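Grab a pencil and open the 3D viewer. Here are some exercises to work through at your own pace, each with a solution.

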Amino acid sequence: MKSPWLLFSSALLLLVAVLMPNLPFPSKKYDYFFMIDITRSMNVQDYQNNNGDPISRLEKVKADALLAIQKLPCGSRVGLGVFTERMPTLLYTPMEVCADYPEIRESIKRIDWRMAWVADSNIIQALSNTIELMRTVEIANTTLVFFTDGQEAPPMNSRYAPDLAELQFSEENRSPIKGVVVGTGDHALSRIPKYDEEGIQIGFYTAEDVPQGTTFGLPEDPSKIEGYVPRNAPWGNQSQAGNEHLSNVKEEYLTSLAEPAKLHYHHLQSANELYTAITHDDFSQRHLRQTDLSQIPAGIALFLLFLAYLPEQLLFRKKTRHKNKSLLSNNP
């Protein structure tokens, strides 16, 4: 005979599960501002997709960023921006990753190198301006994830580089921006694709297409410059040789930017490793999130139903087996 108390308790718990509202429950969350480099060197195809086909650095960033976002707990938020030359542009402030995921997914998928409004690339100034932008739009408590290959075009004159340590830790800015610089690209040098106005590749950049050195401002040490003339040739009268028309991830340079700003550094290789890097304990936040806990009373109710019905079935089977054995023993 079924236990009426077990059945009544199970029914009551099922009713509680149906009517139970969401309750505040402590959990982790993460708030990010993704800033993505869309300069031309990000078109270098030195990554591979799951099928082994070559893809660009920009496509790799977009794919892995979306996979990492999918794994974030609900309540986390992601904002988005892009930069070219020295100017970062805010696309939107952080949005909730579960409720607003379709919008986040589509906006990241639609990022394209042709959105760039200037051809140059000034990484250190773009990072500095991004930090200032986050303070201006009041998302300074958000973790910055700064995606770039680190290639300056033309090369930066270090004499005029901003002081990232001063920017982060001056008396005026007592709350430094937390974050991680994500280096994109392979360590080996690769050619930079050249595209026409229709987005069709027409070749690769050559040494004649790209400045091989800086010509901005005054040099730090004129004695090291061949053909230096203070007024007419402050950067020398000889053509400069170099490999700025080739590109790889500038890890040494990027770590030199991250360290004084107290930012983490990560080399982009897989979505799982990216997720691990951006969910470091330094970036997590504790909060109370409205959580559906109805599965707890529902699970207990099912367990009580199991107790109410299963023993009777087992007992019935035992009685049947005993009766069958008795009949067999009585038959000669």
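Below are five exercises, each followed by its worked solution.

A word on the ground rules before you start. This is a predicted model, so to speak of a local feature a pLDDT of at least 70 is needed, side-chain atom pairs count only at pLDDT 80 or more, and totals for chains, interfaces and linings use all residues. Residues are numbered from 1 along each chain as its sequence is written, and side-chain values use heavy atoms, with hydrogens and water left out.

**Exercise 1: the sheet**

Task: Work out the order of the strands in the six-stranded open sheet, and find its edge strands.

Solution:
- Start with the vocabulary: strands (E, at least two residues) and helices (H or I, at least four) are DSSP runs, numbered from the N terminus.
- Two strands pair if DSSP finds at least two bridges between them.
- Going across the sheet, you meet the strands in the order 6-5-2-7-8-13, with mixed pairing.
- The edges are strand 6 (87-96) and strand 13 (264-267), as each pairs on one side only.
- Now the twist: on average, neighbouring strands are turned by 20° against each other, direction ignored.
- Try one pair in the middle of that order: strand 2 (residues 31-37) and strand 7 (residues 143-148) run in the parallel sense and share five bridges. Phe34 has Val145 in strand 7 as its bridge partner.
- Compare strand 5 and strand 6, which pair in the antiparallel sense over seven bridges. Here Val78 has Met95 in strand 6 as its bridge partner.

**Exercise 2: helices on the sheet**

Task: Which strands does helix 2 touch, and at what angle does its direction lie to that of strand 2?

Solution:
- Contact means heavy atoms within 4.5 Å.
- Angles run from 0 to 180 degrees between N-to-C directions, and the axes are lines fitted to C-alpha atoms, for helices over the stretch in contact.
- Helix 2 (residues 57-70) packs on the sheet and touches strand 2, strand 5 (77-84) and strand 7. Its direction makes about 170° with that of strand 2.
- For practice, look at helix 3 (residues 101-109) too: it lies across strand 5 and strand 6, at about 155° to strand 6.

**Exercise 3: the nonpolar core**

Task: Find the residues with the most contacts inside the largest nonpolar core, and the element that gives the largest share of it.

Solution:
- Buried means under 20% relative accessible area, exposed over 50%, and partly exposed in between (1.4 Å probe, protein chains only).
- A nonpolar core is a set of buried Ala, Val, Leu, Ile, Met, Phe, Trp, Tyr and Cys residues joined through side-chain atoms within 4.5 Å.
- The largest one has 34 residues, and Phe34 and Ile69 have the most contacts inside it.
- Helix 2 gives the largest share, six residues.
- Zoom in on Ile69: leaving aside neighbours within four places in sequence, its contacts are Phe34, Val78, Val97, Tyr101, Ile104 and Ile108.
- There is also a second, separate core of 23 residues, which includes Ile123, Leu127, Leu144 and Leu263.

**Exercise 4: salt bridges**

Task: Asp31 and Arg77 form a salt bridge; say which strands they sit in, and whether each is buried or partly exposed.

Solution:
- A salt bridge is a side-chain nitrogen of Lys or Arg within 4 Å of a carboxyl oxygen of Asp or Glu. The structure holds 12 of these salt bridges.
- For Asp31 and Arg77, the N to O distance is 3.2 Å.
- Asp31 is in strand 2 and Arg77 in strand 5, 46 residues apart, so the pair links distant parts of the chain.
- Asp31 is buried because its relative accessibility is 2%, while Arg77, at 28%, is partly exposed.
- Lys29 joins these two in a network of salt bridges.
- A further pair is Glu106 with Arg110, at 3.9 Å, N to O. Glu106 is partly exposed at 30%, whereas Arg110 is exposed at 63%.

**Exercise 5: unusual backbone**

Task: Where are Glu85, Glu138 and Pro154 placed, and what stands out in the backbone at each?

Solution:
- Recall that most residues other than glycine have a negative phi, and most peptide bonds are trans.
- Glu85 has a positive phi near 55° and lies in the loop between strand 5 and strand 6. At 17% relative accessibility, Glu85 is buried.
- Glu138 has a positive phi near 60° and belongs to the loop between helix 4 (123-136) and strand 7. Glu138 is exposed, at 68%.
- Pro154 is joined to Ala153 by a cis peptide bond, with omega about 0°. Pro154 sits in the loop between strand 7 and helix 5 (164-169).
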